Amino acid sequence: ITGADPVFILADADDGRYWSEATADTRCLENELMHPLCKGSVNIRRYGVTALTKHILFPYKLVDGTARLISPDDFATKYPNAWQYLRDNKSRLEGRERGKWKNKQWYAFGRSQNLSEMEQKKIMTPSIAQFPSFTLDSGDHYYFVGSGGGGGGGYGIVLADGCPLAYEYLLGLLNSRLLGFCLRQVASTFRGGYFAYNRQYIEQLPIRTIDFSSSTDRMHHDRLTELVDHILALHRQLPKARIGHEQTALRRQIESADAQIDRLVYNLYGLTEDEIRIVEEGTAR
């Protein structure tokens with residue numbers, strides 16, 4: 001949470017230049033400090049991320065897994081353009097939270113939690129969505145603002161060290177009709193058929209663990225992982241499909257893979273046909 005999105009979140013322009021809402025002009029900023037930014041439900045979609053149009057100015061360096069604010073001297077020496085831009089916005093940044101930031105760290109983000117968490121593999125979700133819209137960040141290391149960021153908030157999920165489950169397996173569960181149905185039973189609702197995908201609701205979802213000593217369990221885990229890998233690859237192909245019938249064919253393959261994932265998840269959780277009918281009547285996609 002930056003506390004000053006118009007300053008820290010800039011729109012992409014050409015050739016390493018960025019347009020700032022705060023200064024109403026275009027700036028040439030050092031790319032090393034600029035990170036691609038996902039705006040919640042705008043960019044984070046089901047099994048994919050749409051073309052990004054914004055970057056976030058990140059005034060920190062990651063040292064041994066910890067985000068440390070870049071010192072003024074290092075900023076002035078290594079990133080003079082970004083430093084001048086921040087100085088141009090100094091009064092605005094100092095005025096955050098009724099003047100709380102009138103100190104040496106006036107250019108820091110408003111909240112320092114999770115600053116080092118973006119640079120890793122993770123599952124992402126917008127904080128509000130009409131249906132499960134989880135996707136996998138396997139190496140792009142997308143950044144995003146927290147819940148409440150002007151409708152652009154999101155959450156990230158990482159597996160604990162030593163967890164034997166594949167990220168793709170967990171992603172398939174989270175995007176399934178069944179877990180979408182479960183979340184609707186507990187989440188806050190909004191106009192337009194939107195539901196809250198906040199932490200307090202996600203953490204209530206029943207995640208089916210796998211007994212890897214069981215050949216049946218392992219087979220289900222591996223098959224679900226394969227299907228999710230396939231559907232991720234199909235979504236990556238969609239923007240490249242220029243002809244209408246190519247997009248139609250890809251979407252049909254996606255729908256087929258989605259249906260196979262749902263059926264496999266029903267099997268994993270042991271649902272009866274009557275229970276499946278209740279889930280499918282109570283969900284939409």
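**Helix packing and strand pairing in the predicted model**

Helices H8 (residues 177-184) and H12 (residues 273-281) pack with their axes 9 Å apart, at an angle of about 65°. That angle makes H8 roughly perpendicular to H12 (angles under 35 degrees count as roughly parallel, over 145 as roughly antiparallel, 65 to 115 as roughly perpendicular and the rest as oblique). Axes here are lines fitted to C-alpha atoms, for helices over the stretch in contact, and angles run from 0 to 180 degrees between N-to-C directions. Helices (H or I, at least four residues) and strands (E, at least two) are DSSP runs, numbered from the N terminus. This is a predicted model, where local features need pLDDT of at least 70 and side-chain atom pairs count only at pLDDT 80 or more, while totals for chains, interfaces and linings use all residues. Residues are numbered from 1 along each chain as its sequence is written, and side-chain values use heavy atoms, with hydrogens and water left out.

The crossing of H8 past H12 is left-handed, meaning that the near helix is turned anticlockwise from the far one by less than a right angle (clockwise would be right-handed). On the H8 side, Arg 177, Leu 178 and Phe 181 meet Ile 278, Val 279 and Glu 280 of H12, with contact taken as heavy atoms within 4.5 Å. Sorted by class, that contact has four nonpolar, no polar and two charged residues (Ala, Val, Leu, Ile, Met, Phe, Trp, Tyr, Cys and Pro count as nonpolar, Asp, Glu, Lys and Arg as charged, and the others, Gly among them, as polar).

Tyr 266, from helix H11 (residues 244-269), touches residues of both helices. Leaving aside residues up to four places away in sequence, Tyr 266 touches Arg 177, Leu 178, Leu 271, Ile 276, Val 279 and Glu 280. Its partner Arg 177 is 89 residues apart from Tyr 266 in sequence, yet the two are 9.0 Å apart in space, C-alpha to C-alpha. Tyr 266 is buried, at a relative accessible area of 2% (buried means under 20%, exposed over 50%, partly exposed in between, with a 1.4 Å probe and protein chains only).

A second helix pair involves H7 (residues 167-174) and H10 (residues 215-237), which pack at about 80° with axes 8 Å apart; H7 is thus roughly perpendicular to H10. From H7, Glu 168, Tyr 169, Leu 171, Gly 172 and Leu 173 meet His 221, Leu 224, Thr 225, Val 228, Asp 229 and Leu 232 in H10. This contact holds six nonpolar, three polar and two charged residues.

H7 also lies across strands S10, S12 and S14, running at about 20° to S10. Those three strands form an open antiparallel sheet in the order S12-S10-S14 (two strands pair if DSSP finds at least two bridges between them). At the edges sit S12 (135-137) and S14 (154-157), each pairing on one side only. Neighbouring strands are turned by 35° against each other on average, direction ignored. S10 (residues 122-126) and S12 share three antiparallel bridges, and Ile 123 stands opposite Leu 136 in S12.

Elsewhere, strand S4 (residues 34-38) is mostly covered, with four of its five residues buried. S4 runs antiparallel to S7 (residues 54-57), joined by three bridges, and Met 34 faces Leu 57 of S7. With S13 (residues 143-144), S4 instead runs parallel over two bridges, where Leu 37 has Tyr 143 as its bridge partner.
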